[in-house]
Structures are given as C-alpha cells and as structure tokens.
Amino acid sequence: MAPKTLPSRIGWEEHLKPFLYKELPARTGWTATLGSLCALLFGVTAVTGVFLAMYYNPSPDKAYQSIDYIMNDVPMGALLRGIHHWGASAMVLAVFLHLLTNFFSGTLKAPRELTWILGVCLFLVTLGFGFTGYLLPWDMKSYWATVVSTNIPRAIPVFGDLIARIGLGGDSVSGLTLTRFYAIHMLLLPALLVMLAAFHIYLVRIHGLAETNEKEEEESGDGRNVYRFYPEHAFRSAIVFVAVFLAILVLSLHAPIPREEIAGTLKDNYLPRPEWYYMWLFQLLTYFPGKWEVVGSLAIPILGVAALFLAPFLGRSRLRGVGNRPLAMATGVSCVVAIVYLTAMGFAGARPYGEIIPVPARPLTADEARGLFLYVDRDCAYCHQIDGKGGRRIGPDLANVIAKKRTKDYLGQYIADPQAVKSASIMPKYDLPKSDLHSLAEFLLALDFHAAPMNTLKRDEALRASPAPQNSLNRQPREAAAR
Ligand code: HEC
C-alpha cells in the first residue's frame, strides 16, 4: 500500500521522476536545447501577452491609443511590449532553427514521422501568431500587411472569396477583422499550440527511448557519460535560454519597435511591409507580376508546406546522416539560401525610396521643373532610380535615356501607355495631359550629368521648387503596382 503522501498522490515515483531524470543519448548535442528554447520562449510571450491583454483594446478607435497607453503610461509597459515583440521574433527563429536541425540531422525519418509532422504544425501555428499579432497595433503597416495578405486567397478558384471573407469578417479589413484576429491570437492559437506541443513532446520522449536502447546503451552503461533530462539537459537549456532572454531584454530596452501612423491615414507613397519573417514571401511576390502572381502567392507556399509535411516519407533511404541523404541535403540548403537571399532582397527593396531626387545643378526650365514635380508627385521612384540613386530598381535607370537616344516623343508615349510601346511592359499607364507628358520627357532628358554636375533635392524641396500642380485629379496611385 502506497503511503498517503503528496508524492504518491501525484505519481512522483511512477511517472514524474522517470520523466524528469530520463536519460537521453550521451551524445546529445547543444542543438537539442532548441526544442526547450521554443517552449521557454512561448512561456515568455504568453506571460507578457497576458499582461498586454489587460490594457489592450481591440477596437479600431481604441487599439492604436491603447498601445500608446501601454508604451507611455503603464508601469514597465514599454518593456513588457518589447519583450513580447522581440520574444515572438526569437520564438519564430528558434522554431525555424529547430525544424532545420532536425531536417539536416535526419531525425524526421521513421519512427519519428509524426513527431516531425506535429513540429511542422507547431511551426505554422507560430507563424499564425505572427500573422494575427501583426494587425493588433492597428497602424499603417499592420493594416496594409493584412490587406495585402488577405487578398492572396482570393485567387483560389470558387472558394477564394469565401476564404478571404471568413478571414476578414467581411469584405475588407475592419473592426471585425481586428476582433477576429485578436480572438485567434490569444485564445485559439495558444490552446492549439499547447495541445500540439504536449503531443509532440510526448512523442519525442517515446522515440528518444528507442534510440537509447538501440545504440547508446554500452556508452551510457559505464556511468561516465550520463546525460539526463534533469539536471544535465535542463541546465544546458537554461544557459541557452538566459543568453537569448538577455538579448531580448537588450533589444526591448534599446531597439524601438517600428510604429507608424494609425491605420487609415491617407499617405501618398506608402509601401506595405510585412514582419521580417514574412519578408521572403513578400519578396517572392514581386517576381511574379500580373497573372503569374498566384505562382508566388499561393502555388509556391502551398507546395512548400506540403513538402515539409511529406519530407519524412520522401526518399527511400532510412539512413540519417548528412552524407547519406545528398538530395535532401542539397534541397534543404537551396531552400535556406533562397529564403535568406529573398529576405535580404526584400529588405533592400523595402528601403525608403524617393526621398532624394538627383537633378542637374543648374536652374531648371519651367518645363523641366514641372516634370520634376510630376516625377516626385507620381512616385516614379517607386520603380526607377536616377543614376543609381533615390529609387527602387524595378525599372531601368532613367539617367540612361540620353545614352539610349530616346526622343521626347518616345518618352512621352512610353509614360502615357507603356504597353503600347512594349507589350510585355509592367509599368502602369499615366493618363496625363500632353503638356505634362512633354514636361516629364523634358525632365528625363535634362538628367545629363556630364553637361551639368548632379545636385540632390529632398522630396519636399523638389515639390516646392516646382510650379504648383495644375491638376492632381487623375493621379495614378501606385496601389495598382503594389498590389
Ligand atoms: C510599377 C513600377 C513603375 C513605375 C511606378 C514607373 N515605371 Fe517606368 N518603367 C518600369 C519598368 C519595369 C520599365 C521597363 C520595361 C517595362 O515597361 O516593363 C519602365 C520603363 C520606363 C521608361 C522607358 C525607358 C526606356 O529607356 O525605354 C520610361 C521613360 C519610364 N519608365 C518612365 C517612368 C516615369 C516618368 C514614371 C513616373 C511617372 C514611371 N516610369 C513609373 C516600371 C515603372
């Protein structure tokens, strides 16, 4: 008969003690701490999230102000929000690295397929946290990132619109979207994550045991190399966690969280930007213009997720080591390189643009000045640079039109209707009066920096230096291009 003590009541001897003191393979490396790190970082974001929820108000007319309130008035509110923000970023990174190390070490293979699949689910849930959480500050960037991403499913035949409507709670991003995202962010996803993680850890335990029995027995048998969950693994995990947490603290104290105007502010040259871990997907979109957009926005991401789920079953080899799975390794490395490259390109492209405008350092004629005004006002720098400066590099550098011997007529025609000149053109049409097209062409042809040295103007200087607009009605906002 078991004595009636607390340890016996909670099954200490039979269940908890074996769980805690469980022996892991003696050769367990530091990368194994990534799993624990994910769990601990979830704890950090969950705890800070609870406190933030005490002050946050998920309605369009209060959300933005409630963030101000948290940042300025709540004791340690800014720190709390910083830890939540940077902790969430750290968690995305940790989950991703955890996935990678297991992919490359081949532990996703039998008998751990289900462990891997649950891991992929956990990865998606983590990204879901990021996606839903991004809207909550209700500023311009959260609003536009949500507009752009909830537009994506609309390309799915038949159900597309329905899916988008369900996601948004209507036709467009509104207060209903905000409450919906908030509920998912703090009720649905945490519950889902905890359930999936419990099952995942349970499976890790079962199959970890299998490995110890298979090949580690002799090594750990002599007692030299014991590596238990507690204290050895817990200690290592604690070291890693403390280091990461210190980094989060430093960022929370010193790196301001980007914050923009309240959602719905009218702003001319606004470029939607996602959170950094979605940047590569955002960048991918830019390579598939027009009707090909679905390839970047839907086909590639869906295939990618499918490949992740199927990874344990692809390839016949049951061997695990790096050298035994050359194809898997090559695929994995290419994907990582592609993601890093796209992320870098995304950030390079998302740099502010159109803030300086190179002009010849001489008085401009009235026509050229009008052209300069239009160039700035219509945001040509969204796609064009002048002599390598001041814009993004989607279209050709416009300081080269002289070298290319373009005529005034050609330039005017091109700007008015690019597709008429080049049928595959992706440049938007500019429905301007003849005189304005003429002025724009004059301005482009004035960009001869051999004839006069270059001067750079700031955006507002350029607008002021030019004659007032004659009409600003038929402007072509670049929403069309940014779509
Ligand atoms: C959405 C991106 C985008 C915007 C905005 C844009 N362009 Fe373009 N532009 C391009 C691209 C891309 C090309 C090259 C080929 C093509 O048309 O697809 C191009 C080509 C041109 C050319 C032809 C250059 C040559 O040597 O043939 C001119 C001139 C030009 N753009 C002027 C302008 C002016 C002026 C504006 C602003 C009123 C503007 N563009 C706005 C993307 C853009």
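Does Lys-405 count as buried or exposed, and at what relative accessibility? The answer is given in point 8, after the points on the overall fold and the metal site.

1. Status and overall make-up. The structure is a predicted model. Its protein chain contains 19 helices and 4 strands. Of the 483 residues in this chain, 41% count as buried. The chain exposes about 26,200 Å², and carbon and sulfur atoms supply 67% of that area. Among contacts in the chain with a separation of 6 or more, 76% are made by residues 24 or more positions apart.

2. The iron site. Which protein atoms serve as donors to the iron atom of the ligand? They are NE2 of His-384 and SD of Met-427, at 1.9 to 2.1 Å from the metal. The arrangement is octahedral because the 6 donor atoms around the iron atom subtend angles of 87 to 178 degrees. For comparison, the ideal angles for six octahedral donors are 90 or 180 degrees. The two protein donors link distant parts of the chain, being 43 residues apart. His-384 belongs to the loop between helix H14 (366-377) and helix H15 (408-416), whereas Met-427 belongs to the loop between helix H16 (418-421) and helix H17 (434-445).

3. Burial of the two donors. His-384 has a relative accessible area of 11% and is therefore buried, the limit being under 20%. Met-427 has a relative accessible area of 18%, so this residue is buried by the same criterion. The reader should note that these values consider protein chains only, so the ligand itself does not count as cover.

4. The surroundings of the ligand. There are 21 residues around the ligand, and those that come nearest are Cys-380, Cys-383, His-384, Ser-425 and Met-427. Helix H15 provides the largest share of this shell, with 4 residues. Two polar side-chain atoms lie by oxygen atoms of the ligand: one of Lys-404 at 2.7 Å, and one of Tyr-410 at 3.0 Å. In addition, an N or O atom in the side chain of His-384 is 2.7 Å from a nitrogen atom of the ligand.

5. The setting of His-384. Besides its role as a donor to the iron atom, the side chain of His-384 reaches the backbone oxygen of Pro-396 at 2.8 Å. Which residues does His-384 contact, leaving aside neighbours within four places in sequence? They are Tyr-375, Gly-391, Arg-392, Gly-395, Pro-396, Leu-398 and Met-427. The list thus includes Met-427, the other protein donor of the iron atom.

6. Two helix residues away from the metal discussion. Thr-146 is placed in helix H7 (residues 140-151). With a relative accessibility of 1%, Thr-146 counts as buried. Not counting residues up to four places away in sequence, Thr-146 touches Leu-135, Val-173 and Phe-181. Leu-80 lies in helix H5 (residues 77-105). With the same exclusion of sequence neighbours, Leu-80 touches Thr-48, Phe-51 and Leu-52. The C-alpha atoms of Leu-80 and Ile-70 are separated by 8.7 Å, the two residues being 10 residues apart along the chain.

7. A cis peptide bond. Most peptide bonds are trans. The bond from Tyr-230 to Pro-231, however, is cis, with omega near 5 degrees. Pro-231 is found in helix H10 (residues 229-254).

8. Positive phi angles. Most residues other than glycine have a negative phi. Trp-138 is not a glycine, yet has a positive phi of about 55 degrees. This residue is found in the loop between helix H6 (113-135) and H7, and at 6% relative accessibility Trp-138 counts as buried. Lys-405 likewise has a positive phi of about 55 degrees although it is not a glycine. Lys-405 is found in the loop between H14 and H15, the loop that also holds His-384. As to the opening question, Lys-405 counts as exposed, because its relative accessibility is 71% and the limit for exposed residues is over 50%.

Technical notes:
Residues are numbered from 1 along each chain as its sequence is written. This is a predicted model: local features need pLDDT of at least 70, side-chain atom pairs count only at pLDDT 80 or more; totals for chains, interfaces and linings use all residues. Side-chain values use heavy atoms; hydrogens and water are left out. Buried means under 20% relative accessible area, exposed over 50%, partly exposed in between (1.4 Å probe, protein chains only). Contact means heavy atoms within 4.5 Å. Accessible areas come from the Shrake-Rupley method with a 1.4 Å probe; for residues, only the protein chains shown count as cover. Donors are N, O and S atoms within 2.8 Å of the metal (3.2 Å for Na, K and Ca); water is not among the atoms, so sites may look incomplete. Four donors count as tetrahedral if all angles lie between 85 and 135 degrees; four count as square planar and six as octahedral if opposite donors are over 155 degrees apart and all others between 65 and 115; anything else is irregular. A residue is near a molecule or strand if one of its heavy atoms lies within 4 Å of it. A polar contact is a pair of N or O atoms within 3.5 Å; within protein, one must be able to donate a hydrogen and the other to accept it, and residues adjacent in sequence count only if both atoms are side-chain atoms.
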